[in-house]
Amino acid sequence: MPQQKDIVKIAIQMPGAYPQLIQLDQKKPLSAVIKEVCDGWNLPGPDNYALQYADGVQTYITESNRLDIKNGCILRLTKAPGRCAEDLYKGIQSSDSGVRCDSLKELANVSTDVTFAQEFISRDGHLLLVKIVEDAKESNVIMTHTLSGFMELMDHGIVSWENLSSVFIKKIASFVNAKLTDVSIQQVSLDILESMVLSSHSLFLEVKQEITMERLIAHLQVTNQQIQTKAMALLMALLQTAGDSDRQDIFAFLNKKNLRQYIYKNIIHSSGSVQDKMAHYLYVLQSVTLNHMEARMRTPMDCYSQEQRDILHNLRLAAFETETENSLNHERRRSLCAKEFKKLGFSNNSNPGQDLVRTPPGLLALDTMCYFAARYPDAFSRFVLENSSKEDKHECPFGRSSIQLTLMLCEILRIGEPPSETGSDYHPVFFSQDRLMEELFCVCIQLINKTWKEMRATQEDFDKVMQVVREQITRTLSSKPTSLELFKNKVNALNYGEILKLRQTERLHQEETLALPVVELKERLKPELLQLIRQQRLNRLCQGTMFRKISSRRRQDKLWYCRLSPNHKMLHYGDVEEDTDSPTIETLQKKIPVADIKGLQMGKDCPHMKEHKGKQNKEILDLAFSITYDVEEDSLNFIAPSRTDFCLWTDGLSVLLGRDMSSESMNSELEILLSMEIKLRLLDLETVQIPESAPVVPKPPSNFNFCYDFSQTEQ
């Protein structure tokens, strides 16, 4: 007999009692189920009891989440959330410090459950915690538990952060500002301040006023990575929430205090590796800092602005020192200027400001050119004079190259794009320089001149040269150089000859794989290799992945893990802590039978992306996927930590659903495997030209009297 849909077979435990195996009827009220369980153990007062998961995050079972219970789940009969809240509320007010400490410690653990949090807050329990903090009479251990419990309660969004008093905010800020505060208290206090800043602009102003920036920077110099990360989180929250004027003030202060050098020395060059959270905050700082240039990038040159015209003419004078210019009449001076602007590489030599009207790069291109001329005058003069002495068609135009290079760097560094919630692609070289954009420009404009000569280019080859230079820059930055000098050495070593070799290798690979017999061989090999990729995807799902929950209030500390059972029949998942490496299946209390999975959605079609329509950027959409199971309303929503994990999971889930894999990662891996297999098969034919079609089989000979008779021995 097939099992009824509304019946779930589960086990229920209670300390000191023999477990009950029951068939839970999902249509029966939960209170009736609890009464039956209590009757089975002869327990009076079923209203004082509730059910919760026995493993992992011990969530209370309610009418709203009871449908998440699956066959084989182990539940526990425990105190009802209302009764638990009442007991802890009284315990916290006990005169015995030991009872208060134990009550607050338990509170910090159970407050992760929203049902309990609602009960505790309904008794104004959160105000009791606020009073403990404001009085500041408790020991460090009790204060740590108090702050942890408060943070968990507030994170449910039941109570607004704006209801907090100024006294409380000042006290939390004092924990961060003090030099000798307990490390655990500082960690939670930094968390609380970050959530305040992200919740409203008024709280941002209050926290900004109370927090001491010097101490925040000092927290980045400690060896404790948790403190470093929390301090960076608060700093990024302040920067992202601030208005333009406040952000400028914060940046001015951070630059004055050499924040960049502290990060470069204590985080990037620390003995330990940079963790995911810290990588995200470094990426945010890089993005917010570089976006200061967006205004200049989007501002076209005003040809009627005398100030901007003077800057442009000073650039010309720096390249061509003309002593007799003042003695010339207007027409001859104008002719000389036009001639020199042409040598300087501007397309519109009579009115060079027109070249800078296009946005982007707008006035940012003028800024980078002037920086190069002022910072490296010898290199600037050498570039201009070297090319002005060549024929017109062979000269590398400085002005045109500078404008295009500035645009290229804006695209590579993503200037003008808001930071992503999950991005972590920062450039270590950014923290080695105060003015990365300008310094990169100075290195790369000389690289353009070098590549131009290596390619023996003419004006018609300008776009080809810029394509090569873009490839040189992106390949070098992808190797994550930690200093400008290292970037300079690597990018110059990757000369045009090296780029040609890379392209030649790719072209030869394409040519040899396009021959018709090779194409046919590839088609024969594909099924076997696809099966290999399918097996790898399923193995990866069995290993599992840690996913992050994206919250509008705060990004960190919300992690969950999902993995496939070894027999490929169950998806196990559950909340985990940050330091969890690879939780076992037994610790993941929730599960979904693979047979119940109905569909797989990706990107904007996911339920959690539809709920936040308009709020998610493209990077988040590219990492989002969901599976629907049972009825269509139930879904498990994912945001992959990286594009690679997205491809692995969507491919693996497609295999489980009996569908074709379709990710770009699968296509790339299939091509690599096919290429390796083809090369191995063709090793013996290395010097043989493979014909397009099979050779014609010759006619059989007229007789077969050409066999050697080995029976006759030689005399």
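In which helix does V465 lie? Select V465 in this predicted model, and the residue will be found in helix 22, which spans residues 462-478. With a relative accessibility of 0%, V465 counts as buried. Setting aside neighbours within four places in sequence, show the residues in contact with V465, which are I448, T451, W452, M455 and A457. For a distance across the model, pick D425 as well: this residue is 40 residues from V465 along the chain, and the two C-alpha atoms are separated by 27 Å.

Next, turn to the nonpolar cores. Select M196, M232, I263, L344, L405 and I473, the residues with the most contacts inside the largest nonpolar core, which has 138 residues. The largest share of this core, 12 residues, is contributed by helix 21, so labelled for residues 436-455. Centre the view on I263 and, leaving out residues up to four places away in sequence, display the residues that I263 touches, namely L220, M232, I268, L282, L285 and F431. Another core, of 41 residues, lies apart from the largest one, and L564, C606, F638 and F646 are among its members.

From there, move to helix 25 (residues 516-543) and helix 28 (residues 643-656), which pack with their axes 8 Å apart and at an angle of about 110 degrees. Because an angle of 65 to 115 degrees counts as roughly perpendicular, helix 25 is described as roughly perpendicular to helix 28. To see the contact itself, select R534, Q536, R537, L538, R540 and L541 on the helix 25 side, which meet D645, C647, L648, W649, D651, G652, L653, V655 and L656 on the helix 28 side. Coloured by residue class, the contact of helix 25 with helix 28 divides into 8 nonpolar, 2 polar and 5 charged residues.

The last stop concerns the cysteines. How many disulfides does a search of the whole structure find? The search finds 0. Select C542 together with C562, whose sulfur is the closest cysteine sulfur to that of C542: at 11 Å, the pair is too far apart for a bond, since a disulfide requires the sulfur atoms to be within 2.5 Å. C542 is buried, with a relative accessible area of 16%. Then select C647, where the closest cysteine sulfur, that of C606, is 14 Å away and therefore too far for a bond. C647 also counts as buried, at 2% relative accessibility, and this cysteine has already appeared among the helix 28 residues that meet helix 25.

Notes. Residues are numbered from 1 along each chain as its sequence is written. This is a predicted model: local features need pLDDT of at least 70, side-chain atom pairs count only at pLDDT 80 or more; totals for chains, interfaces and linings use all residues. Side-chain values use heavy atoms; hydrogens and water are left out. A nonpolar core is a set of buried Ala, Val, Leu, Ile, Met, Phe, Trp, Tyr and Cys residues joined through side-chain atoms within 4.5 Å. Buried means under 20% relative accessible area, exposed over 50%, partly exposed in between (1.4 Å probe, protein chains only). Helices (H or I, at least four residues) and strands (E, at least two) are DSSP runs, numbered from the N terminus. Contact means heavy atoms within 4.5 Å. Axes are lines fitted to C-alpha atoms, for helices over the stretch in contact, and angles run from 0 to 180 degrees between N-to-C directions. Angles under 35 degrees count as roughly parallel, over 145 as roughly antiparallel, 65 to 115 as roughly perpendicular and the rest as oblique. Ala, Val, Leu, Ile, Met, Phe, Trp, Tyr, Cys and Pro count as nonpolar, Asp, Glu, Lys and Arg as charged, and the others, Gly among them, as polar.
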